[in-house]
Amino acid sequence: MEVSRDNSNHNDQLQRWKNKAMTGILPDDFLRIYFNPPGHFQQMGIQPQVNYSPISYYQTAQTQGSLKITVVEAKLVKNYGYTRMDPYCKIRVGHNVMETPTDANGSKTPRWNKTFTFALPSGVDSLYLEIYSERSIVSDDRIAWMHINIPEAVMNNETIEDWYSLTGKQGENKEGMIKLILSYHPPSSSTMQQYTVSNPNQSSDLQGYGMNAQMISSYESIASIENIKGMFPTIDEEIIRSVLVSNGWNVNAAINDLLSMNS
């Protein structure tokens, strides 16, 4: 008797689940989400739960062109460690940092002959360089460094090839010398790109609905970068982005600048 009652309860539960399920031919609007215009909720007396800010525009700070740096070689005063050092360089211009390959067994006379192109932000007039000895087990050892102002002649479109003193454990300007080649390339356009930001002090009938201008701007920016990366696969993406910004996201102007950098 108890078993029969349990079976009856189980069948009743199954029937209730079946009644909640949709069977047979599904309607055309099944699981589809339709866009409701902004006034739709107000007509129903419902206020949106989230207030989205409309879009306004501001201009980014402009870069002052690009700086090409070739790290040629170094002459160090000491080999630190029990074996020959494997030196490499890190260079920073503004917030951008790039790194040379490691010269295996370069010891006191490493050679890199590596060229970098940095976007030069407005107000930045110096560069910082460090030399490290690569280690396999412990952390890499910083053995020398230097900080110099970009020579005025370079900013006047002259290419400067010179040796610069290095500071390190031996003392200031006593760790050796490094040879750099510096050249400057001004931007080809003075326009600046506008970015979209939220402005809580404005109103719009389309707040929170559809694709806004900020999303469209982001998609266009990504597409521009991807297109140029295909043309210049050896150039870092951050450099491409900086050159695009300095040219107001004018793709043709940016390509001309990148071609001049690689020439």
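How many bridges join strand E3 to strand E6? In this predicted model, the count comes to six, linking residues 87–93 of E3 with residues 126–133 of E6, and the two strands run antiparallel. One residue pair can be picked out here: Tyr88 has Tyr132 of E6 as its bridge partner.

Zooming out, E3 and E6 sit side by side in an open sheet of eight strands. Reading across, the order goes E4-E3-E6-E7-E8-E9-E2-E5, and the pairing is antiparallel. E4 and E5 are the edge strands, each with pairing on one side only. As for the twist, neighbouring strands in this sheet are turned against each other by 30 degrees on average, with direction ignored.

Next comes the largest pocket, which holds about 350 Å³ of space. Its lining is made up of 15 residues, and the ones closest to the pocket centre are Thr115, Phe116, Thr117, Thr234 and Ile239. Two strands and two helices each give two or more residues to this lining: strand E4 (96–99), strand E5 (111–121), helix H5 (237–246) and helix H6 (251–262). Of the contributors, E5 gives the most, with four residues. Both E4 and E5 thus turn up again, as lining elements of the pocket as well as edge strands of the sheet.

Sorted by class, the lining of the largest pocket is a mix: six residues are nonpolar, five are polar and four are charged.

Conventions
Residues are numbered from 1 along each chain as its sequence is written. This is a predicted model: local features need pLDDT of at least 70, side-chain atom pairs count only at pLDDT 80 or more; totals for chains, interfaces and linings use all residues. Side-chain values use heavy atoms; hydrogens and water are left out. On a 1 Å grid over the protein atoms alone, a cavity is a set of points where a 1.4 Å probe fits but cannot get out, and a pocket is an open set with protein on both sides within 12 Å along at least five of seven lines; lining residues have an atom within 4 Å of a point. Grid points are joined across faces, edges and corners, and a volume is the space filled by probe spheres set on the points. Ala, Val, Leu, Ile, Met, Phe, Trp, Tyr, Cys and Pro count as nonpolar, Asp, Glu, Lys and Arg as charged, and the others, Gly among them, as polar. Two strands pair if DSSP finds at least two bridges between them. Axes are lines fitted to C-alpha atoms, for helices over the stretch in contact, and angles run from 0 to 180 degrees between N-to-C directions.
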